[in-house]
Amino acid sequence: MDEEIRARLLKERADAVARLRGLVVSFDDIVEAARDSNLDDEHDPEGTTIAAERSLVGSLADANERQVAEIDAALARLAVGTYGRCVRCGGDIAPGRLEARPSTPVCITCAASSNS
Ligand SMILES: [Zn+2]
């Protein structure tokens, strides 16, 4: 049972890391494109688009980094035997919630209250 969860967490972690790598590559492309266009024209009308793309890539990268950190924390809880327990209230996290999001650190009640 634990091994299944561990395998799933590791797979999700690998996916997130792969997405992060892809984002870093595209981020480099954007920077490269920005540098090229700046050489051509300092008042490039594309400049704002590049800035917007850059911030989008940045926030996607942040989201993936947070996910990797969340998965690492879940793996650590799995190792010490507290996986499936809410880190905030100590209650059990519903199996359905863990199924949908294996790395979640909090139960649905705590998740709902922290989002408001
Ligand atoms: Zn809770």
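Helix 1 (2–40) and helix 3 each supply at least two residues to the lining of the largest pocket. This report describes that pocket within a predicted model, and then turns to the fold, the metal site and a buried glutamate.

**The largest pocket**

The space in the largest pocket amounts to about 220 Å³. Its lining consists of M1, E4, I5, R8, Y83, P95, L98, E99 and P102.

**The chain as a whole**

The secondary structure comprises 4 helices and 0 strands. Read from the N terminus, the order of elements is therefore written α-α-α-α, each helix being a DSSP run numbered from that end. The chain has 116 residues, of which 28% count as buried. Among contacts with a separation of 6 or more, 57% are made by residues 24 or more positions apart.

**The zinc site**

Which residues coordinate the zinc ion? The ion is held by the SG atoms of C86, C89, C107 and C110, at 2.3 Å. Along the chain, these donors follow the spacing C-x2-C-x17-C-x2-C. One pair among them, C89 and C110, links distant parts of the chain, with their positions 21 residues apart in the numbering. C89 belongs to the loop between helix 2 (47–80) and helix 3 (95–100), whereas C110 belongs to helix 4 (residues 108–115).

What is the geometry of the site of the zinc ion? The angles among the 4 donor atoms run from 104 to 117°. Four donors count as tetrahedral if all angles lie between 85 and 135 degrees, and the site is therefore tetrahedral. For four tetrahedral donors, the ideal angle at a metal is 109.5 degrees.

**Two buried residues**

The table lists the relative accessibility of one zinc donor and of a glutamate in helix 2.

| Residue | Place | Relative accessibility | Class |
|---|---|---|---|
| C110 | helix 4 (residues 108–115) | 8% | buried |
| E70 | helix 2 | 18% | buried |

Why does E70 count as buried? The relative accessibility of E70 is 18%, and buried means under 20%, so E70 falls in the buried class. C110 is likewise classed as buried because its relative accessibility is 8%.

**The surroundings of E70**

The side chain of E70 is joined to that of S103 by a polar contact of 2.7 Å. When neighbours within four places in sequence are left aside, E70 is in contact with R101, S103, T104 and P105. S103 thus appears both in the polar contact of E70 and in this list of contacts.

Technical notes:
Residues are numbered from 1 along each chain as its sequence is written. This is a predicted model: local features need pLDDT of at least 70, side-chain atom pairs count only at pLDDT 80 or more; totals for chains, interfaces and linings use all residues. Side-chain values use heavy atoms; hydrogens and water are left out. Donors are N, O and S atoms within 2.8 Å of the metal (3.2 Å for Na, K and Ca); water is not among the atoms, so sites may look incomplete. Four donors count as tetrahedral if all angles lie between 85 and 135 degrees; four count as square planar and six as octahedral if opposite donors are over 155 degrees apart and all others between 65 and 115; anything else is irregular. Buried means under 20% relative accessible area, exposed over 50%, partly exposed in between (1.4 Å probe, protein chains only). A polar contact is a pair of N or O atoms within 3.5 Å; within protein, one must be able to donate a hydrogen and the other to accept it, and residues adjacent in sequence count only if both atoms are side-chain atoms. Contact means heavy atoms within 4.5 Å. On a 1 Å grid over the protein atoms alone, a cavity is a set of points where a 1.4 Å probe fits but cannot get out, and a pocket is an open set with protein on both sides within 12 Å along at least five of seven lines; lining residues have an atom within 4 Å of a point. Grid points are joined across faces, edges and corners, and a volume is the space filled by probe spheres set on the points.
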